[in-house]
Amino acid sequence: MTDTTPADGPSAPGRTPASGTPANDVSADNIPAPDSSTTTLGVPADGTTSARSTGKRRFLSTVLSLALLAGLALWIFWPRDAGGPAVLHNGTAAYQIKLTLHSPKRGTSPVTVHVTDRQGKPAALTTVSVEPVMPHMGHAAAPATAVAGAPGLYRADNVRFFMAGAWEITVVLRGPTGTDQAVFPVLVT
Ligand SMILES: [Cu+2]
């Protein structure tokens with residue numbers, strides 16, 4: 001059987017496509033600078049409006065985008081759960097500590113401190129106290145002594161976070177090996 005299919009060669013071009021660059025070459029210098037008084041997103045104009053402003057604008061918007069992303073990440077990953085308790089982990093040379101702030105809202109909240117030694121066994125401590133401060137504002141709330149419950153579990157019922165914002169809870173552990181402390185940052189809403 002003979003193959004009658006004609007060779008499927010490329011169709012001969014009737015004409016070559018028009019060559020040459022179109023006359024719409026837009027260089028950065030030809031872009032008119034937008035009115036900086038209306039389009040800046042809260043970024044103060046630095047006064048210089050020159051041909052370099054396009055690059056500067058791009059740089060500023062990149063910085064803005066990164067700042068927004070960082071803010072978003074902080075908002076997402078900050079240790080708090082809307083409505084639920086905030087659970088944080090920290091440790092010292094001798095102990096592992098899990099702190100639960102049951103209601104991370106302005107007002108009073110129970111704080112539970114679960115302490116184990118480095119092998120994971122419940123720690124027997126003499127006293128455990130919970131000391132909330134707002135380091136950026138230079139004030140503190142009244143420290144509370146946590147009462148021992150189940151082995152390794154200490155609970156302070158009414159720790160008072162009298163304003164919303166960034167708090168740091170210092171947990172002070174006094175036991176047979178001396179005094180240890182660890183700091184837990186919490187966001188109170
Ligand atoms: Cu404050």
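In this short talk I will walk through the predicted model of one chain, going from its confidence to its strands, its core and two single residues.

Let me begin with how far the model can be trusted, since it is a prediction. The mean pLDDT of the chain is 78, and 65% of the residues reach 70 or more. That confidence is spread unevenly, for strand 4 has the highest mean, at 98, whereas helix 1, which covers residues 36-39, has the lowest, at 46. Over residues 1-28 the pLDDT stays under 50, and the model has 2 contacts beyond four places in sequence for that stretch. Residues 36-40 also stay under 50, and for them the model has 4 contacts beyond four places in sequence. Where pLDDT is low, the predicted coordinates should not be read in detail, and I will therefore turn to the strands.

What elements does the chain contain, and in which order do they run? There are 2 helices and 9 strands, and if you start at the N terminus you meet them in the order α-α-β-β-β-β-β-β-β-β-β. The chain has 189 residues, of which 16% count as buried. If we take the contacts between residues at least 6 apart in sequence, 50% of them join residues at least 24 apart.

Now to the way the strands pair, beginning with strand 2 and strand 3. These two run antiparallel and are joined by 7 bridges, and they form a hairpin with 5 residues between them. As an example of a single bridge, lysine 98 has histidine 114 in strand 3 as its partner. Strand 3 also pairs with strand 7, again in the antiparallel sense and over 7 bridges, and here threonine 112 is matched with arginine 155 in strand 7.

Strand 4 has several pairings, and I will take them one after another. With strand 8 it is joined by 7 bridges, the two running antiparallel, and proline 132 has isoleucine 169 of strand 8 as its bridge partner. With strand 6 it pairs in the antiparallel sense over 3 bridges, and serine 129 stands opposite threonine 145 in that strand. With strand 5, which is residues 139-140, strand 4 is joined by 2 bridges, once more antiparallel, and methionine 134 is there partnered with histidine 139. Strand 4 and strand 5 form a hairpin with 4 residues between them, and glycine 138 in the turn has a positive phi of about 70°.

That leaves the pairing of strand 8 with strand 9, which is antiparallel and counts 11 bridges. Glutamate 168, for instance, has proline 185 in strand 9 as its bridge partner, and the two strands form a hairpin with 2 residues between them.

Which residues have the most contacts inside the largest nonpolar core? That core has 26 residues, and the ones with the most contacts inside it are Val113, Val115, Val130 and Val171. At least two residues of this core come from each of several strands, including strand 3 (107-117), strand 4 (127-134) and strand 8 (165-175). When you look at valine 171 in the structure, and leave aside its neighbours within four places in sequence, you will find it in contact with Ile97, Leu99, Val113, Val128, Val130, Gln181, Ala182 and Phe184.

I would like to finish with two single residues, and the first is leucine 88, which lies in strand 1, residues 86-91. Is leucine 88 buried or partly exposed? Leucine 88 has 19 other C-beta atoms within 10 Å, and because a residue needs 20 or more to count as buried, leucine 88 is partly exposed. Its C-alpha atom is separated by 6.4 Å from that of threonine 100, which is 12 residues away along the chain.

The second residue is alanine 150, which sits in the loop between strand 6 and strand 7. Why does alanine 150 count as exposed? It has 9 C-beta neighbours inside 10 Å, and a residue counts as exposed if that number is 12 or fewer. Its C-alpha atom is 9.3 Å from the C-alpha atom of histidine 114, although the two residues are 36 apart in sequence. Histidine 114 is a residue you have met already, as the bridge partner of lysine 98.

Terms used. Residues numbered from 1 in each chain as written. Predicted model: local features only at pLDDT ≥ 70, side-chain atom pairs only at ≥ 80, totals over all residues. Contact = placed C-beta atoms within 7 Å. Core = buried A, V, L, I, M, F, W, Y, C linked by C-beta atoms within 7 Å. Pairing = 2+ DSSP bridges. pLDDT = per-residue confidence, 0-100.
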